[in-house]
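Okay, thanks for coming, everyone. Let me put the structure up on the screen and then talk you through a few spots in it.

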Amino acid sequence: MKNKVLRNMLIPGVCAVIAVIVPSVLIHFSVIDAYTAQILTLSGINAIMALSVNIICGITGQLSLGQAGFMAIGAYSTILLTANAHLPLAVSIILAGFVTAFFGFLIGFPTLKLEGDYLAIVTLGFGEIIRVVLVNMKKWTGGPNGKQFPTILTLNPAVAYLVIIGTLALLIILVQNFVRSTYGRAVLAVREDEIAANSTGISVFRYKMLGFVIASFVAGIGGALYAPFIGFVKPEQASFTKSIDYLIFVVFGGMGSTTGSVIAAFVLTYLQEFLRFLQNYRLLIYPVILILVMIFRPQGFLGMKEFSFVNTFDRIASRISHKKTEATEEPNV
């Protein structure tokens with residue numbers, strides 16, 4: 001039993017280390033050019049935001065259209081904590097996540113008693129309020145022109161990839177373990193049937209709030225990493241269209257699938273850049289691809305399933321073993 005648990009931890013761990021370390025080294029030695037590195041790193045930020053949306057929409061079962069607002073709070077909090085409070089960047093990023101989680105609690109407390117479209121409208125309004133506040137607080141946010149991150153602290157490409165993809169891997173591990181925990185199972189029970197969950201003694205509001213706060217924290221971390229990577233943040237980061245983009249990642253990957261949302265974020269981010277040579281026509285082709293996916297694969301890329309490195313490793317090992325067995329059993333001519 002211990003060997004099985006160790007193996008189930010070792011295989012994904014090794015894959016995560018390879019995915020984080022190897023490309024970072026290749027970027028450092030310019031084997032991967034700066035443009036490709038930027039796309040990969042931006043995909044990591046989008047994947048963190050997709051993870052946040054999937055927690056609230058896919059795992060908790062609530063429709064939120066304001067995650068971009070939480071991302072903006074995380075981004076501006078990081079800039080203010082670093083530039084004004086003179087805190088180390090790592091500390092600022094973590095504190096920005098908790099600041100965003102606090103705002104998630106404040107927003108969730110009066111609104112999570114709502115359901116479906118009503119909750120979506122309220123969170124949409126919250127995102128727009130954040131954007132307007134950021135535009136008008138010129139002293140702290142730079143107003144509509146945005147605010148620049150301290151240049152000397154802007155991450156170089158190799159370090160940016162290492163930090164952002166490493167954070168993404170850590171968040172995936174934490175979310176997956178949360179879903180498998182007692183609290184995570186309670187959240188899933190609320191998602192499936194609130195009445196049945198309430199009848200078994202599960203506090204529906206409490207676990208909705210838990211999922212909402214965790215999703216806010218993850219979005220705040222995404223924004224906190226976005227600020228030093230891009231080096232500049234504008235209020236439009238909290239706009240409705242940004243929230244829709246992150247929701248598309250989750251729908252495309254599979255509502256409720258953590259790995260599906262992450263894979264979709266990487267695929268769609270790269271697709272936008274790949275179609276850039278079409279100029280304005282890419283704005284037409286990109287939605288057409290999404291429409292076709294929704295028609296022929298409405299449950300998304302992975303549905304509610306998760307990609308497993310352990311199962312993939314077992315299948316490959318089984319095929320190799322089967323081929324070796326066939327080779328030894330062939331009769332000598």
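I'll start with the whole chain, then go to aromatic pairs, one helix packing and two loop residues.

First, a caution: this is a predicted model. So what is the secondary structure of the protein chain? It comes to 14 helices and two strands. The chain has 333 residues, and 43% of them count as buried. As for the outside, about 17800 Å² is exposed, with carbon and sulfur atoms supplying 69% of that. Now the contacts: take those between residues at least 6 apart in sequence, and 79% of them join residues at least 24 apart.

Okay, aromatics. There are nine aromatic pairs in the structure. One of them is phenylalanine 70 with phenylalanine 126, a tilted pair with 4.8 Å centre to centre and 40° between the planes. Phenylalanine 70 sits in helix H3, residues 67–83, while phenylalanine 126 sits in helix H5, residues 116–136, so this pair ties together parts that are 56 residues apart in sequence. Are these two rings on buried or exposed residues? Both phenylalanine 70 and phenylalanine 126 are buried. And there's a third partner here, since ring pairs link Phe70, Phe126 and Phe212 into a cluster.

Another pair to look at is tyrosine 246 with phenylalanine 249, again tilted, at 6.3 Å centre to centre and 50° between the planes. This one is within a single helix: the two residues are three apart in H11, residues 240–253, which means about one helical turn separates them. Tyrosine 246 is buried at a relative accessible area of 3%, and phenylalanine 249 is buried with 3% as well.

Let's move on to helix H8, residues 182–192, where you'll find leucine 188. With a relative accessible area of 22%, leucine 188 is partly exposed, because the cut-off for buried is under 20%. Which residues does leucine 188 contact, leaving aside its neighbours within four places in sequence? Those are Ile59 and Val179. Also have a look at glycine 61: it is 127 residues away from leucine 188 in sequence, yet in space they are 8.0 Å apart, C-alpha to C-alpha.

H8 also packs on helix H10, residues 204–230. The angle is about 110° and the axes are 9 Å apart. Roughly perpendicular covers 65 to 115 degrees, so that is what we call H8 and H10. H8 passes H10 in a left-handed crossing. If you want to click on the side chains, H8 brings Tyr183, Ala186, Val187 and Val190, and on the H10 side they meet Val204, Arg206, Tyr207, Lys208 and Leu210.

Last stop, backbone angles. Most residues other than glycine have a negative phi. Here are two residues with a positive one. Serine 30 has phi near 65°, and its place is in the loop between H1, 2–28, and H2, 34–59. Histidine 86 is also not a glycine, and its phi is about 60°. Where is histidine 86? In the loop between H3 and helix H4, which is 89–111. Serine 30 counts as exposed at 59% relative accessibility, and histidine 86 is exposed too, with a relative accessible area of 64%.

That's my tour; I'll leave the model up for the discussion.

Technical notes: Residues numbered from 1 in each chain as written. Predicted model: local features only at pLDDT ≥ 70, side-chain atom pairs only at ≥ 80, totals over all residues. Heavy atoms only, no water. Helix = DSSP H or I, 4+ residues; strand = E, 2+ residues; numbered from the N terminus. Buried < 20%, exposed > 50% of the residue type's maximum accessible area, 1.4 Å probe, protein only. Contact = heavy atoms within 4.5 Å. Areas by Shrake-Rupley, 256 points an atom, 1.4 Å probe, with all protein chains shown as cover. Phe/Tyr/Trp six-rings, centres within 6.5 Å; stacked < 30°, edge-to-face > 60°. Axes fitted to C-alpha atoms, helices over the stretch in contact; angles between N-to-C directions. Parallel < 35°, antiparallel > 145°, perpendicular 65-115°, else oblique. Left-handed = near helix turned anticlockwise from the far one by under 90°.
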